[in-house]
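Open the model in your viewer and keep the selection tool at hand. This tour goes stop by stop, saying what to select and what is there.

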Amino acid sequence: MGSQSHKAIYRGIFIATHLLMQLAFWVDEGYYDFRWMREPGNWIVYTLYSTVVFTVQAGFYALFYGKGQPMWWKGALAFTAGYFIVIMGLYLSYLWIY
């Protein structure tokens, strides 16, 4: 189980981030339809969101687990914690604006 490399963990976080963002945009932008993919502006926002979420998740993994033995559960925890941090940041910025 511990034979994975850090590169494989980052790749897993990257793929999981994009799958989660696809689901979020399918629900939010496309109203349960994939026609949102036809609009270039939606892809710009998708790229921005995915990049921010992945950067936070990868940073969380590097900060807390980058020096240790790579294991899949550490990547899963970094994925969950990073996504939670981004969602809480968006929620707090919403409360601050409104």
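Which residue forms a salt bridge with aspartate 33? Select arginine 35 along with aspartate 33 to see the pair. The closest N and O atoms are 2.3 Å apart. Keep in mind that this is a predicted model. The count of salt bridges comes to one.

Now look at how open the two partners are. Aspartate 33 has 22% relative accessibility, so it counts as partly exposed. Arginine 35 is exposed, because its relative accessibility is 53% and the cut-off for exposed is over 50%.

**Next stop: two tyrosines**

Select tyrosine 31. It lies in the loop between H1 and H2. Select tyrosine 32 as well, which lies in the loop between H1 and H2 too.

Check the backbone here. Most residues other than glycine have a negative phi. Tyrosine 31 has a positive phi, near 50°. Tyrosine 32 also has a positive value, near 65°.

Are these side chains buried or exposed? Tyrosine 31 is exposed, with a relative accessible area of 67%. Tyrosine 32 is exposed as well, at 57%.

**Next stop: the largest pocket**

Which helices supply at least two residues each to the lining of the largest pocket? Show helix H1 (6-28), helix H2 (40-65) and helix H3 (72-97). Each of them does so.

Now select the lining itself:

- Met21, Ala24, Phe25, Asp28 and Glu29 are among the lining residues.
- Val45, Tyr49 and Val53 also line the pocket.
- Tyr83, Val86, Ile87 and Leu90 belong to the lining too.

Colour this selection by class. Ten residues of the lining are nonpolar and two are charged. There are no polar residues in it. The space in this pocket is about 200 Å³.

**Last stop: a surface patch**

Turn to the surface and select Phe84, Ile85, Met88, Tyr91 and Leu92. Add Tyr94, Leu95, Trp96, Ile97 and Tyr98. Together these residues form a nonpolar patch on the surface. Their accessible area together is about 1200 Å².

Pick out isoleucine 85 from the patch. Where is it placed? Isoleucine 85 is in helix H3. Its relative accessible area is 42%, so isoleucine 85 is partly exposed. That value also clears the cut-off for joining a patch, because patch residues need over 30% relative accessible area.

Definitions and conventions
Residues numbered from 1 in each chain as written. Predicted model: local features only at pLDDT ≥ 70, side-chain atom pairs only at ≥ 80, totals over all residues. Heavy atoms only, no water. 1 Å grid on protein atoms, 1.4 Å probe; cavity = no way out; pocket = protein on both sides within 12 Å on 5 of 7 lines; lining within 4 Å. Points joined across faces, edges and corners; volume = space filled by probe spheres on them. Helix = DSSP H or I, 4+ residues; strand = E, 2+ residues; numbered from the N terminus. Nonpolar A, V, L, I, M, F, W, Y, C, P; charged D, E, K, R; others polar. Patch = residues over 30% accessible without salt bridge, like charges linked within 9 Å, V, L, I, M, F, W, Y side chains within 5 Å. Areas by Shrake-Rupley, 256 points an atom, 1.4 Å probe, with all protein chains shown as cover. Salt bridge = Lys/Arg side-chain N within 4 Å of Asp/Glu carboxyl O. Buried < 20%, exposed > 50% of the residue type's maximum accessible area, 1.4 Å probe, protein only.
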